[in-house]
Amino acid sequence: MRPPKRGVNYPEPLAVAPDAITREVMALVAARFGDHFGRLEGFALPVTAAQARRALTHFVRTALPHFGTFQDAMVTGQDWLFHSWLSPAINLGLLTPLEVATAAAQAYAAGDVPLNAAEGFVRQIIGWREYVRGYYWLEMPEVAAANALEATRALPDFYWTGATDMLCLGEAVRNTRDHGYAHHIQRLMVLGNFAMLAGVRPQEVADWFLVVYADAYEWVELPNVIGMSQHADGGRMATKPYAGGGAYIDRMSDHCGACRYDVKKKTGEGACPFNALYWDFLARHERRFARNRRMANMYATWNRMTPDTRAAYRDSAAAFLATLAPARPGWARS
């Protein structure tokens, strides 16, 4: 997987013009929930099985060939890149996971897409998606209340308003508001990663994800947030937390170059908050994770730092966290 390239022509998912029934539903939503988070303008998702199959064919032809290479990339102003945006249709039952996976496999067999694209896509559809389904039925209902890291911070208000100087987060919230969509790296390594590093209560994070995404059904959303994104299940789903600092976002996106914060600066005024938050997270949870073999290198680096350096990270994280305003009452309304 590679970071984004300049000048790449990113295709968009097939846009389906709303029919009369869809327009009627949109009018009802506007009348009853017009002040809520999200936008109706530009709604173009398939609403029938035939439309969904057209969208699948369009994706396989225009985007799947480059999906494997750029599936983790993030580009400012590019809302889709090479992603399919078929998950609402699959979760609604307009497409079956098997027909979606078969379409990708047939494209590979025909020589139309490379192995990394077909494999990466199929693995998401009948690998991870079905694993999450099994996890949900095995771990519910107890996992819904899981909070292994004892996170207590309220969800920051910018998750609803998008009002943040952190460009990566602002872009992810904007895309979410505009389309009810953000791709998996935006959800996991930007929105989810930030919430975990900041110590946001996982149930508030899960509630937000369930409300804002068009493909969010509890069986698929809750395990991904509680287990994978927030590590709130104590490691039942993943052996290590998906935590990362600014360097990961800089490597996989073009956001950092235009951000007010300097990703190369580690602490102090103007430094990327992800840097201090990352090391502060490791410090807070050292007792839990220090013996985790997958995190040995991180803690070896932490232990090589001078006491002053470690204190600077902790102080910078505390100073930034003190600036976060909690979501206001009536949080779903704009």
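Which hand does the crossing of H10 and H11 have, right-handed or left-handed? The views below are taken from a predicted model, and the first of them gives the reply.

**View 1. Helices H10 and H11 cross each other.** Two packed helices are described by the angle between their axes and the distance between the axes. Helix H10 covers residues 202-212 and helix H11 covers residues 218-229. Their axes come within 9 Å and cross at roughly 140 degrees. This angle makes H10 oblique to H11, because the label "roughly antiparallel" is kept for angles over 145 degrees. The crossing of H10 and H11 is right-handed. On the H10 side, the residues that meet H11 are Pro 202, Gln 203, Val 205, Ala 206, Phe 209 and Leu 210. On the H11 side, they are Glu 218, Glu 221, Leu 222, Val 225 and Ile 226.

**View 2. Helix H9 packs on helix H10.** The axes of H9 and H10 are 10 Å apart, and the angle between them is about 145 degrees. H9 passes H10 in a right-handed crossing. H9 contributes Arg 187, Leu 191, Gly 192 and Ala 195 to the contact. H10 contributes Val 205, Trp 208 and Phe 209.

**View 3. The rings of Phe 158 and Phe 194 form an aromatic pair.** The model has a count of 24 aromatic pairs. In the pair shown here, the ring centres of Phe 158 and Phe 194 are 5.4 Å apart and the planes stand at 70 degrees, so the pair is edge-to-face. Phe 158 belongs to helix H7 (residues 158-161) and Phe 194 to helix H9 (residues 184-198). The two residues are 36 residues apart, and the pair links distant parts of the chain. Phe 158 has 7% relative accessibility and counts as buried, because buried means under 20%. Phe 194, at 0% relative accessibility, also counts as buried. Both residues belong to one aromatic cluster, whose other members are Phe 37, Tyr 159, Trp 160, Trp 208, Phe 209, Tyr 213, Phe 274 and Phe 320.

**View 4. The rings of Trp 279 and Tyr 313 form a tilted pair.** The ring centres of Trp 279 and Tyr 313 lie 6.1 Å apart. Their planes are at 45 degrees, so the pair is tilted. Trp 279 is in helix H13 (residues 273-284), and Tyr 313 is in helix H16 (residues 307-321). The pair therefore ties together parts that are 34 residues apart in sequence. Trp 279 and Tyr 313 are both buried.

**View 5. Two arginines have their charged ends over tryptophan rings.** The charged end of Arg 133 sits over the ring of Trp 219, at 4.2 Å from the ring centre. The charged end of Arg 310 sits over the ring of Trp 302, at 5.8 Å from the ring centre.

**View 6. Phe 59 and Trp 85 are 8.8 Å apart in space.** This distance runs from C-alpha to C-alpha, and in sequence the two residues are 26 residues apart. Phe 59 is in helix H2 (residues 49-62). With 2% relative accessibility, Phe 59 counts as buried. Apart from neighbours within four places in sequence, Phe 59 is in contact with Leu 64, Phe 82, His 83, Ser 84, Leu 86 and Phe 121. Trp 85 is in the loop between helix H3 (64-70) and helix H4 (87-92). Trp 85 counts as buried at 8% relative accessibility.

**View 7. Some loop residues have backbone angles worth a look.** Most residues other than glycine have a negative phi, and most peptide bonds are trans. Trp 85 has a positive phi, near 55 degrees. His 231 also has a positive phi, near 50 degrees. His 231 is in the loop between H11 and helix H12 (246-252), and His 231 is buried with a relative accessible area of 2%. A cis peptide bond, with omega about 5 degrees, joins Met 140 and Pro 141. Pro 141 is in the loop between helix H6 (115-139) and H7.

**View 8. Asn 292 is a buried loop residue.** The loop that holds Asn 292 runs between helix H14 (286-289) and helix H15 (296-304). The relative accessible area of Asn 292 is 16%. Leaving aside neighbours within four places in sequence, Asn 292 is in contact with Thr 239 and Lys 240.

Key. Residues are numbered from 1 along each chain as its sequence is written. This is a predicted model: local features need pLDDT of at least 70, side-chain atom pairs count only at pLDDT 80 or more; totals for chains, interfaces and linings use all residues. Side-chain values use heavy atoms; hydrogens and water are left out. Rings of Phe, Tyr and Trp (its six-membered ring) pair if their centres lie within 6.5 Å; planes under 30 degrees apart count as stacked, over 60 as edge-to-face and the rest as tilted. Helices (H or I, at least four residues) and strands (E, at least two) are DSSP runs, numbered from the N terminus. Buried means under 20% relative accessible area, exposed over 50%, partly exposed in between (1.4 Å probe, protein chains only). A charge sits over a ring if NZ of Lys or CZ of Arg is within 6 Å of the ring centre and within 35 degrees of the ring normal. Axes are lines fitted to C-alpha atoms, for helices over the stretch in contact, and angles run from 0 to 180 degrees between N-to-C directions. Angles under 35 degrees count as roughly parallel, over 145 as roughly antiparallel, 65 to 115 as roughly perpendicular and the rest as oblique. A crossing is left-handed if the near helix is turned anticlockwise from the far one by less than a right angle, and right-handed if clockwise. Contact means heavy atoms within 4.5 Å.
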